[in-house]
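User: Could you walk me through this model and tell me what stands behind each term?
Analyst: Happy to, with the structure in view.

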Amino acid sequence: MRFDDVFAMVGRTPSVRVDAPDGDAGGAEIYAKLEGYNPTGSIKDRACVALIRDKLDRGELRPDSCLLDASSGNMACALAYFGRLLGYRTHLFSNSKLTDDKRSFIEYFDATLELEGSFTIEGNRACRRMAESEPGRYCFTDQLHNWANPQAHYETTGPEILETFPDVAMVVGSLGSGGSMYGVGKYMKERRPQTRVVVVESASGTKLPGTGAFVDGDYRTPFIEAGFAEEIFDDTVRIHLHEAQAATERLKSVGVFAGFQTGGVYHATRVAVERHEVRGPVVFLSGDSGWKNLAALRAAAEGAA
Ligand SMILES: Cc1ncc(COP(=O)(O)O)c(C=O)c1O
């Protein structure tokens, strides 16, 4: 594969089968779509590039603008990286969920960082206040409300899944901003309505990257509200940390190096396969790889030892 620049390397991620060859998932064939293969190692690269393009198209991103957004980590990494590449300053808000590795990544790519509260919506509000207090200085990409976010997945992630799996029976993914599952789900409902769309949330008290605990007050973005209101999401599975951890171990045993978000979505996929007696190809979104979660993986392993 040959690329002219790293923008061309966003998307077209590989999918690998993870259920045992003896058919331990009933009649389903479960594949992980590995979004860790994107340039900054997560699914958020797709939305990040789309948000920047949207702001350029609207004339809201000028050469002297400072990019601004709030994220629990992966979007912040993507904005630091793509922002720097394009020559913009980048200021980010994150929160108590930010891992040391993601903080190092953000700082390595020269973005400035502030921590605000425990939820991304708190940083999002801080961004809005900042942008309003100095009009023209910041370009607030607003991943939680900008429809360029789900549109990126409608235009790329959804089509990639259907191209690779023309008979896909079910797609599963977690809800952070909801951009990925709204975009993928909408595409599926238009092109292959019989494909079941299942979303994953954290159960109360569970903190997992990219997997909102809406029961505990995580913010439901307009994309998440629309996904339910428009009946794009067919079912929801809520997961606990111990289930995500056990499923992450299971993935490790088949050579998929992933963090607990991926494990949680894999667990939810197995629950949904059984609940709906699904047969045929099932694809779940692995939002990033183990590299971005190594400290948490090691801490859990040491705690269990
Ligand atoms: C690892 C990971 N997976 C999934 C998601 C969820 O993506 P979305 O914001 O599109 O709902 C995120 C979002 O932060 C993430 O970091």
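Analyst: Domain bounds here come from an automatic or database domain assignment. On that basis the chain is divided into domain 1 (6–42 + 147–304) and domain 2 (44–140), and their centres, taken over C-alpha atoms, are separated by 24 Å. The contact between them (heavy atoms within 4.5 Å) takes 30 residues from domain 1 and 23 residues from domain 2. This is a predicted model, where local features need pLDDT of at least 70, side-chain atom pairs count only at pLDDT 80 or more, and totals for chains, interfaces and linings use all residues. Residues are numbered from 1 along each chain as its sequence is written, and side-chain values use heavy atoms, leaving out hydrogens and water.

User: What makes the pair of K44 and the ligand a polar contact?
Analyst: A polar contact is a pair of N or O atoms within 3.5 Å. An N or O atom in the side chain of K44 is 2.6 Å from an oxygen atom of the ligand, so the pair meets that cut-off. A polar backbone atom of G176 is 2.8 Å from a ligand oxygen atom.

User: How do you know how much of the ligand is buried?
Analyst: Accessible areas come from the Shrake-Rupley method with a 1.4 Å probe. Taken alone the ligand exposes 380 Å², and the protein buries 95% of that.

Definitions and conventions
Polar contact = N/O pair within 3.5 Å; in protein donor to acceptor, adjacent residues only side chain to side chain.
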